[in-house]
Amino acid sequence: MQDILLSVEGIGKSYPGVRANDDVSFRIGTGEVHALLGENGAGKSTLVKMIYGLVKPDEGRMMLRGQPYAPVEPRAARAAGVAMVFQHFSLFEALNVAENVALGMENPPPMRELAARIRSVSEEYGLPLDPSRMVGDLSAGERQRVEIIRCLLQDPKLLIMDEPTSVLTPQEVGILFRTLRQLSSEGTAILYISHKLEEIRTLCDAATILRRGKVVGSADPRQSTARELAEMMVGAVLTPPERKAAEKGEVVLGVTALNAASPIPFGTSLKEVSFTVARGEVLGIAGVAGNGQDELLLALSGELKSAPDRVRIAGRAAGDLGPAERRRAGLVAAPEDRYGHAAAPDMSLVENAFLTGQIRRNLDRGGFIDWPATRAFADEIIATYDVRTPGNHVAARALSGGNLQKFLIGRELDQSPDVIVINQPTWGVDAAAAAAIRQAILNRAAEGAGVVVISQDLDELLEVSDMFAVLNEGRLTRPRPVKGLTIDEIGLMMGGAHGMEVAHHVEA
Amino acid sequence: MDFGAINPTILIASLMVAAVPIMLAALGELVVEKSGVLNLGVEGMMIIGAIAGFVTAVHTGSPVAGFAGGAVAGALLSLVFAFLTQFLLTNQVATGLALTLFGLGLSSLAGQGYNGIKPPATHAVPFGPLADIPFFGRVVFGHDWMVYASIALVALVWWVLRATRLGLVIRAVGENHEAAHSLGYKVNRIRLGCTVFGGAMAGLGGAYVSLVRVPQWTDGITAGAGWIALAIVVFASWKPWRVLIGAYLFGGITVLQLNLQAAGSRIPVEYLSMSPYLITILVLVIMSSGRGRAGLNAPAALGQNFHASR
């Protein structure tokens, strides 16, 4: 057995109305890669925030290298040799790489020296990075390198990684794992948080599984099957969505050589995007975040207009139509950002149901809202999609992410659309709700709608899609049938690893 | 139009003086906005600085004490703003507007009985024979110390924001407060500090109006200079040296229209008086047209309150 680096004993933390962590205990050895496994909301993030000094535990204690360890702030944690790479990057887009790194260090050297150290460390670990580049111009994978290098420069004893692979291409994941193994062999322990079981099985030496804030077990991931781990994590047996064989009908959505400048700062413009979707067909669009997904959704929903013939809905030119007119033509869209884009967070579920349902469900009478019909529509969504809420009067903000997502997806699906466009249907949604959402999407497709699903979750896309394409720097690859695609081919479609392999080859 | 009566030496020399109050206030507001706070109360803090500086100078007989008093008063008023927005999380726009209204009213009350008094004079820095050089003597060496101090402050703010760790942290907080917080920086405290600096600078600018530029006390003496300062920050795309350019540009137009009036130009006085404001609006429209916030270089978290609940 290795030396114990960090031991966590009986840690607990409560927020108003929620017990985030309850009597959590586990140990990490020196140089060990330890997985923390659990669903969204299982308390993983709260736990690591306590280890990193962002949140104070209510009870319990931690020991680091045999010494009591109770960091009051991240600074203290960093001084003790604990570093963290965040799930949502803690980076500053308008600052350059070196400045971003300096902000995460206690005593950064002068900028010129720091830039030289960034270069040397990044090459040593096969993560090439130019210190003078603006972070806003970097890809998600490159941004993660900035975070990792920021940590490595402080020579950490324990590196915490919160869902690091959710934004990476398969090749980038491979490189990240090589880097992590190299670190581990040099004696740095890694606490690896994820809900992706295959990754954990290939990378980690030990796993602690959390469910609803409690440790429900520990396992040796190399000896366990993914199914065993999943069932410990979810606490129930999962059934994959079933799909009825649907007849492919005529084309309902056609996009031809669509170009659109991004309205988002540091966004990606769409370049010559072309595809078609037929009735009963699901087109899955993969890609690393920030490669034009948001822009594609805007261009399809009508928030971003183009020349009329670039977008055709059921054979009619619709490129110059706005969102309301496209809804009327039969296209509904569900954007990624639930709070603020897909829903008005402070308005009730009834009001939110009206906002997009008004046109296709005829919820207004001569300019006045037909409240009974709108309430009935909201109740229908709540019942059909199993939205857990005290009632239809609650504000959208008050629902949990998964429940709100079920409501918002249901709102679009229940408008008998011809075309459905969804960005990130199950992002931040627990496994049971995600399965329900995917099933609902498949059901609509079976009834004859054409569906476009944009997602960063490859497993999800492979599960629901008939055709598969990748957005890369605003360009869409030619859609290919999902049947027969290998993960390597998908990785190459995703643009490989943005030149990362080169560095590793040199090293080897 | 007749330009014959306008002396370019005097024009440049006096535009440098006219620019000092808005330059100081804009420079302070630039730091505030760089940290992600939008304080629309600049006008209020300036006029409080103007009356406080005036009263202090009259009673102590020292203009230096007057400037200090103005800065302290501006800082105190900004502290009210910082407390409301950073700790009670009030809306920054509404609070800033209220601050201006409050400052205008309070200064009017405090200024009762100070009308018609002359403050102690602030003299030009004695550069000896240098001041006698034709043109340059008047333009470069003929000013009071605050003119030089304001330029030095531009350089100082530029250097701090660009080259120091403090500046980097301020920019980081204004760019992404969530990320700054997760790295362990005290977002609200940093913003409080910047807001108070901005208040002190606005107060200093206000004191310059009542002690040097006018120099006496009347109600509403700042006459919208605070609003111009806010506009100059945008005009300058949040860059200190461009604040200097913007302030001189505006100061120049103000002085020029006064000179044109004095020279008996045939353009009606009203048009001349409104010209600096019209030109400010025009410049802002041109600067902002067709480009997003990124193009303007605005701090990404500008005007958003931060609370470390998540």
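**Group meeting: a loop, a sheet, and some empty space**

Let's start in chain A, with Thr426(A), which sits in the loop between strand S19 (419-423) and helix H14 (431-446). When I say helix or strand, I mean DSSP runs, H or I of at least four residues for helices and E of at least two for strands, numbered from the N terminus. Before going on, some housekeeping: this is a predicted model, where local features need pLDDT of at least 70 and side-chain atom pairs count only at pLDDT 80 or more, while totals for chains, interfaces and linings use all residues. Residues are numbered from 1 along each chain as its sequence is written, chains are lettered from A and ligands numbered from 1 in the order in which they are written, and side-chain values use heavy atoms, with hydrogens and water left out.

Back to that loop. Is Thr426(A) buried or exposed? Thr426(A) counts as buried because its relative accessibility is 9%; the cut-offs are under 20% relative accessible area for buried, over 50% for exposed, and partly exposed in between, with a 1.4 Å probe and protein chains only. What does Thr426(A) touch, not counting residues up to four places away in sequence? The list is Gln405(A), Ala434(A), Ile437(A), Arg438(A) and Glu460(A), where contact means heavy atoms within 4.5 Å. With Arg438(A) there is also a side-chain polar contact of 3.5 Å. That term covers a pair of N or O atoms within 3.5 Å; within protein, one must be able to donate a hydrogen and the other to accept it, and residues adjacent in sequence count only if both atoms are side-chain atoms.

Staying in chain A, please look at strand S3, residues 33-37. Five of its five residues are buried. Val33(A), Ala35(A) and Leu37(A) lie on one side of S3(A), His34(A) and Leu36(A) on the other, and both faces are covered.

Which strands flank it in the pairing? S3(A) runs parallel to strand S8 (residues 189-194), joined by five bridges, and His34(A) stands opposite Leu191(A) there. Four bridges join S3(A) to strand S9 (residues 206-211), also parallel. In S9(A), Thr208(A) is the bridge partner of Leu36(A), and Ile209(A) is the bridge partner of Leu37(A). Pairing here requires at least two DSSP bridges between the strands.

S9(A) is mostly covered too, with five of its six residues buried. From there the chain goes into a hairpin: S9(A) pairs with strand S10 (residues 214-219) in the antiparallel sense over five bridges. Arg211(A) has Lys214(A) as its bridge partner. Two residues lie between the strands, and Arg212(A) takes a positive phi near 45°.

Now over to chain B, and to a glycine. Gly203(B) lies in helix H9, and Gly203(B) is buried because its relative accessible area is 0%. Leaving aside neighbours within four places in sequence, Gly203(B) is in contact with Met45(B), Gly49(B), Ala50(B), Gly70(B), Ala71(B) and Gly74(B). How far apart in space are Gly203(B) and Leu76(B), C-alpha to C-alpha? They are 9.5 Å apart, with their positions 127 residues apart in sequence.

Next, H10(B): nine of its eleven residues are buried, among them Ala225(B), Ile228(B), Ile232(B) and Phe235(B). Just after H10(B), Ser237(B) takes a positive phi of about 45°.

That brings me to the empty space. On a 1 Å grid over the protein atoms alone, a cavity is a set of points where a 1.4 Å probe fits but cannot get out; a pocket is an open set with protein on both sides within 12 Å along at least five of seven lines; lining residues have an atom within 4 Å of a point. Points are joined across faces, edges and corners, and a volume is the space filled by probe spheres set on them.

There are five cavities of 30 Å³ or more, and the largest has a volume of about 110 Å³. H10, H11 and H12 of chain B each give two or more residues to the lining of the largest cavity, and H12(B) gives the most, with five. By class, that lining has ten nonpolar, two polar and no charged residues. Nonpolar here is Ala, Val, Leu, Ile, Met, Phe, Trp, Tyr, Cys and Pro; charged is Asp, Glu, Lys and Arg; the others, Gly among them, are polar.

Last, the second largest pocket, with about 350 Å³ of space. It is lined by 20 residues, with Arg213(B), Thr222(B), Ala223(B), Ala225(B) and Thr254(B) nearest its centre. H11(B) gives the most to this lining, five residues.
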